[in-house]
Every structure is written in C-alpha cells, then in structure tokens.
Amino acid sequence: MTPLALVVLLAASCGGGETKRVAKPKPPAPPILERVSDLAARVPSGNRIALRARPGGRILTRVQATTEFGSPQTLAVAFRKGRWLAVRSPALGNRQVGWVDARTVALRLLRRPVSLEVDLSRRELLVHGPRRVVRRISVAIGAPDTPTPPGEFYVTDKLDGAEFGSYYGCCILALSGRQPNLPRGWSGGDRLAIHGSSTATWGQAVSNGCLHADEPDLRYLMKMVPLGTAVTVHM
C-alpha cells in the first residue's frame, strides 16, 4: 500500500477527520421580578425568619411568629422573584423590603383580595374589592407639622381601642408604617394606625400622623380587612 493510500484509509476510519460539536444546553432564563399586591405571608408559630437585603444576600433583620402586639405575624408580599418573596415589615422602615426564600421557610401564603387606598389630598380612605371600590371613608390625617407620610404599608394588627385609651375609639388597625415627623416631646411611639377619636375629627388635618375614622367605619374595617392587607397612602 502506498503512503497516500494509507492516509486515505486512516482518514476514512476516523470519520474523515471531522469533529462533531454537541450543542450546549441553554441556561435557564433568570426569574422575572413580579409586583404583588394581593398576597400575604404568615410566619408559622414557633418560627423566626430572616429578611435579606436581596435574594441570598445579607440578613437585615429577623422577625418572629407574633407581632409586638401579639398578633400572628402576617407580612405583606411586595414582589416575587422565582422562589424568593420580598415582604414589608415594620422592622425595615417605610421604604425597604426584605427577601425570604419561600422554599426553605415554611411561610403560609394567604390571598388578600381587599386593599386600602388613602388619598391624603381628599382626606379619604377607599376600600378596594376585587373589581371596584366597595366603601369610601372620611378620615382625619396628619396636621401640617406632623403630616401623614405617603408610602406602601399594610395592616399588622387589629386591636381593641379601649385597651390603649378612650381617645383611640373602639378599634385600632395598626399599620407597618412609621411616622418620621413626630411632635417634640411625643412618647406614644411612631407607628401609624387607623383608629377613632374622642371628637369628630374626620375630614380634618389634625392628627400626629395617624388616620382617624368614625366608629361605624372602624367596625366595618375590623370585620372586612384581614391582617396583611396592603395599604397605599398618597397625596
């Protein structure tokens, strides 16, 4: 066999010297950031969960299964990204959210078809159902020196007003938001809330930042608005 024939034979036996390329599988698409407004996450009894600065990031704080007032810890979900949930919490202030891995933490997810909207310019609270506004409530808002801060909050607790003082009226719906504009010498805490008043203040700008409502409206809210309900406050 001549050298040329040997080269041809070897080339044929090795597949002509061509290398077959196997296509690499495409990496999965990154999860999409989704805004959420109708979901709450309840921390299971006996648990304590970490809230992170970003998915997999550093721990900002930890929250327990009950609030400071003893209610079930029911966090409003603000965003979803894959298996991660971004939740609001009073421990994070008015603007920040904390991320939780929903697969490793046994959170109980709850639908919240009702939401609240507070229009500060109209001094009105609107209760939104799944398709329409179901109730309009006149409210007092913060005075010029102690304005109610706008933001995205949620209902953390529903409390008996009598346990905290007659000036709160029948009922208190505590909110996750905090008042950064407290009056000098105030010692009543900085948490925002919807509650009553010893006088008919609704429709006026007279409070230290909380929202005042009439008793029939408060009792309606106590009955119809569950913990974890989103509350949007705007001008």
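For the residue classes used in this tour, Ala, Val, Leu, Ile, Met, Phe, Trp, Tyr, Cys and Pro count as nonpolar, Asp, Glu, Lys and Arg count as charged, and the others, with Gly among them, count as polar. The structure on screen is a predicted model.

**The largest pocket**

With those classes in mind, select the lining of the largest pocket, which divides into twelve nonpolar, eleven polar and three charged residues. The volume of this pocket is about 560 Å³. To centre the view, pick Tyr168, Trp186, Gly188, His195 and Cys210, which are the closest to the pocket centre among the 26 residues that line it. Next colour strands S14 and S15, the elements that give two or more residues to this lining; S15 supplies the largest share, with four residues.

**The eight-stranded sheet**

From the pocket, widen the selection to the open sheet of eight strands, whose order is S11-S10-S9-S18-S13-S14-S15-S17 and whose pairing is mixed. Strand S11 (133–138) and strand S17 (211–212) each have a single partner strand and therefore stand at the edges, with one side of each left without a neighbour in the sheet. Now add helix H2 (residues 215–224), which packs on the sheet and touches S9, S10, S11, strand S13 (151–160), strand S14 (171–178) and strand S15 (191–195). If you draw the axes, the direction of H2 makes about 70° with that of S14.

**From S11 across to S13**

Begin at the edge strand S11 and move inward to S10, to which S11 is joined by five bridges in an antiparallel run. Leucine 125 can serve as a marker here, since isoleucine 137 in S11 stands opposite leucine 125, and the hairpin that joins S10 to S11 passes through four residues. Switching to a display of accessible area, you will find S10 mostly covered, with four of its five residues buried.

The following step takes you to strand S9 (residues 115–119), which pairs with strand S10 (residues 124–128) in the antiparallel sense over five bridges. Two facing pairs are worth labelling: leucine 116 with valine 127 in S10, and valine 118 with its bridge partner leucine 125, also in S10.

Before leaving this pair of strands, select arginine 123, which lies in the loop between S9 and S10. This arginine has a positive phi of about 55° although it is not a glycine, and it belongs to a hairpin with four residues between the strands. Because partly exposed covers the range between 20% and 50%, arginine 123, with a relative accessible area of 31%, counts as partly exposed.

On the other side of S9, turn to strand S18 (residues 230–234), which runs parallel to S9 and is joined to S9 by four bridges; aspartate 119 stands opposite histidine 234 in S18. Moving on to S13, you will again find four bridges to S18, here with the strands running antiparallel. Within this pairing, glutamate 152 stands opposite threonine 232 in S18.

**The cavity**

Keep glutamate 152 selected, as Glu152 is one of the residues that line the largest cavity. A search of the whole structure finds one cavity of 30 Å³ or more, and the largest cavity has a volume of about 50 Å³. To display its wall, extend the selection to Arg88, Ser89, Gly93, Asn94, Arg95, Gln96, Glu152, Phe153, Ser176 and Gly177. The elements that give two or more residues to this lining are S13 and S14. By class, the lining of the cavity has one nonpolar, six polar and three charged residues.

**A last stop at lysine 81**

Finally, select lysine 81, which has its place in strand S5 (residues 74–81). Its relative accessibility of 32% makes lysine 81 partly exposed. Apart from neighbours within four places in sequence, the residues in contact with lysine 81 are Pro31, Ile32, Leu33 and Trp99. For a distance across the model, draw a line from the C-alpha atom of lysine 81 to that of histidine 212: the two residues are 131 residues apart along the chain, and their C-alpha atoms are separated by 36 Å.

Terms used: Residues numbered from 1 in each chain as written. Predicted model: local features only at pLDDT ≥ 70, side-chain atom pairs only at ≥ 80, totals over all residues. Heavy atoms only, no water. Pairing = 2+ DSSP bridges. Contact = heavy atoms within 4.5 Å. Axes fitted to C-alpha atoms, helices over the stretch in contact; angles between N-to-C directions. 1 Å grid on protein atoms, 1.4 Å probe; cavity = no way out; pocket = protein on both sides within 12 Å on 5 of 7 lines; lining within 4 Å. Points joined across faces, edges and corners; volume = space filled by probe spheres on them. Buried < 20%, exposed > 50% of the residue type's maximum accessible area, 1.4 Å probe, protein only.
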